[in-house]
Protein chains: 2
Amino acid sequence: MKILSLALLVAILLFTGKLHSQSISPIDSSFLNLSYKLTQTALADTFGYNLLRELCAFGGRLSGSKNLLKAEDYLLKTMSGMGFDTVYTQTFTTTNWQRGKVEKFILRGKNSGSNVNFNVAALGGSVGTNGLLRADIIEISDFDELEHRKDEINGKIVFFNFEFNQKVYDSFSSYGPAVNFRVNGAHRAAKYGAVAVLIRSVASNFDDVPHTGTLRYIDSIPKIPGASLGVRGAVFLSELLKKRAMGEITQPLMFEMELDCKTEGTCEVKNLIAEIWGSEKKNEVIVVGAHLDAWDKGEGAHDDGAGCVQSIEVLHLIKKMGIKPKRTIRAVLFANEENGLAGARGYAKVTQDDVKKHYAAIESDRGGFVPRGFTADASPEVISKMTSWLPYFTMTGIEWFKKGGGGADISQIKGSNALIGFYPDSQRYFDVHHSENDVFSSVNHRELELGSASITILTLLLSEFGL
Amino acid sequence: MKILSLALLVAILLFTGKLHSQSISPIDSSFLNLSYKLTQTALADTFGYNLLRELCAFGGRLSGSKNLLKAEDYLLKTMSGMGFDTVYTQTFTTTNWQRGKVEKFILRGKNSGSNVNFNVAALGGSVGTNGLLRADIIEISDFDELEHRKDEINGKIVFFNFEFNQKVYDSFSSYGPAVNFRVNGAHRAAKYGAVAVLIRSVASNFDDVPHTGTLRYIDSIPKIPGASLGVRGAVFLSELLKKRAMGEITQPLMFEMELDCKTEGTCEVKNLIAEIWGSEKKNEVIVVGAHLDAWDKGEGAHDDGAGCVQSIEVLHLIKKMGIKPKRTIRAVLFANEENGLAGARGYAKVTQDDVKKHYAAIESDRGGFVPRGFTADASPEVISKMTSWLPYFTMTGIEWFKKGGGGADISQIKGSNALIGFYPDSQRYFDVHHSENDVFSSVNHRELELGSASITILTLLLSEFGL
């Protein structure tokens, strides 16, 4: 309904004269032609895809890691050689969490040969177990059940086995409810005396790969370790516990957990920024952004190497096509989105007193999949205006603009007309997100480049026609 | 533009009164509810995905192969146990082409250790080389160049190095021009005395996996062997030949080709058919179809295991939801689409005098990717009518209906109101098509199931509301 109703709305309002004519632009045939050429260039050009290959080759890019430093250096050199008007960095300090080397969750057998070793990943920010942790496990479906069974929690490992909702078209809408247990499970369980938490990975597929991501502690509540199980591991553990509850397993189940992750001091992280200055309105800035840091389990290919490459590619395509945009286009590769948001917060602070002001911002942080639409934190008039631009996106897969979030990195920006989030198809994102599945080979070059083309076209529409 | 213009067109025609009101149905809220539930059921249900896993485990399902016989048996048993009103087969005879065991294309080095072995795949239907074939190679871009250089062809292997056009959004539109050389290259080159053809794989990615597929011979022209090179192999060979032409390589290049593929007699192939009979119009049939055979290089996962599973799943979902359709729904798994079309031709012949008549047919043979739309060989009125159904597809990814082909298998059906082709996103299809990349792991369960849901909803709209 979403597309049809938007388009119908536009048509209906046009016909009934309720929409101010100035908010709908007639189709500009030379821009239409440009948008086609841009898409063709992006699809034929292997620049973005090859850049992503190089970026992914450094491995995960967690704040404080050597991989990230190498990736920053590489991209800074690359961008500096591309003929943009300026390339610079902003440096911030953030906490330095390290995964360590030990991540174990074991069901003890009669001897070491009959142990069951589960695949687990420490959650970002988790404290370690301080050696081997032996405790019984209690399975909890959600926070209602936790409250209901709060007297059974003390001294146990709480296993939050909340299932990712497969029943909806938009995977992002399933992420929120599920990630709640990863983020808040530890302090909620610790409040009732839990010694650790295990969560079922927030994932849309059925493999046994654990998906990491941050957890949150509350100062007044003890910090307990948290880790995620692969989906299959979680299903297996749940079956085991159910069998015990049914009396089908009578021998005692001995569980051991060990994590040596820790937060150790601070580290420096950088926003990498490149600009093409506006020919007419240099002080009006359109940001195209993504985050450079990535969880250490994979290569940060979809999350968010793809967005970084697309942000750089906007500038690359504008240069390559010989376009002189009216407004300034600024690509920002934000630091530390995954575990601190230091880059986004720092950027907003640094730029708030700048002579240049934010006209609009676009973020790509939902993977490098085939384009579907854009969500925008903007007024209904702005969204209507952008919807009237749909014909320029015919060759990209973009089918709609609708109300929605822009993205974590641009969310801190104040005073912009629109904070816009690129929305690729969401079916596969949570198969790879925050896990070892998020590698270069999971990105398709055509899908990635169609995203670059879509974001570039929208950037230029904002720059040339304005809202 | 496609969606907007369709939706706008509908709106404009509505407002200007040029569209007959009876061709646009008001939204039926109970069917809307049903369509949501159907999609949820498909997404949560692992039936289709697991069936595809089993089907792919047999390997490629080329006509005449043991794999195909096993797959036929397995699916027949599966469908027979699902409680449909009838399950039956139709048997036909087709030519029996076999790949054989030898597929070689070698650039001879000074010794066997310095040979360059290219990855090649015999084209379906190709004759063998009858032992080792030694010949020089001429690179030809297209048929214009072939005509222009016809005097240079005699005694040579013609290497058609036609590049898959990456510049367009819709990969299927790039397939036609490129596949022309695979299908017609051999007889066009043989006409001027070529001894064999090599083609650059019709593929959208950059690996070195050869993609197979049929070639065509013409009776009056000698039959010469044909094989495809992986894209990287083709690029390498082209560079080599260019260097020789520039005088940068002066030593003679010695090429050897060997294929022992052959056509040997005939084989039997089966259409597998299952039906749920209509409660009101039993003699009006809606076909949902796909083809069961698949090239032997991969597992026929996207081409067309996905379509087979989706066709069965239409019936499965209708049963599971307890729906009694008004019209008869017939799932047909067609035989021999890849190299003969015996199943499609036979089906059309067998059914032409049947008391049951085809009301409409839907084919899924463009891969198990995320839904985008449907193309239809139907009148503008029928397409408008189906477009008015878009709100029922909100949760599936389907965004449009437009004029276009239905598919090879249903193309032989006469007298239907609409021959409709399911149109998933096309970006990745030609990465896997007809190659060893077309395996189960390349299919995403959510994308596959959204396809099943889309096709089921359309089938039920046709059955319940009619055109």
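**Exercise 1. Work out how far to trust residues 1-22 of chain A, where pLDDT (the predictor's confidence in each residue, from 0 to 100) stays under 50.**

Step 1: the model still has 35 contacts beyond four places in sequence for this stretch, a contact being two residues whose C-beta atoms, placed from the backbone, lie within 7 Å.

Step 2: where pLDDT is low, the predicted coordinates should not be read in detail.

Step 3: now zoom out. Chain A has a mean pLDDT of 94, with 95% of its residues at 70 or more, and the model scores ipTM 0.93 and pTM 0.94.

Ground rules: this is a predicted model, so local features need pLDDT of at least 70 and side-chain atom pairs count only at pLDDT 80 or more, while totals for chains, interfaces and linings use all residues. Residues are numbered from 1 along each chain as its sequence is written, and chains are lettered from A and ligands numbered from 1 in the order in which they are written.

**Exercise 2. Decide whether B:Ser426 is buried or exposed, and find what it touches.**

Step 1: locate B:Ser426 in the loop between strand E17 (419-424) and helix H11 (429-432) of chain B; helices (H or I, at least four residues) and strands (E, at least two) are DSSP runs, numbered from the N terminus.

Step 2: count neighbours. B:Ser426 is buried because 23 other C-beta atoms lie within 10 Å (buried means 20 or more, exposed 12 or fewer, partly exposed in between, with C-beta atoms placed from the backbone).

Step 3: leaving out residues up to four places away in sequence, B:Ser426 touches B:Asp170, B:Ser171, B:Phe172 and B:Arg366.
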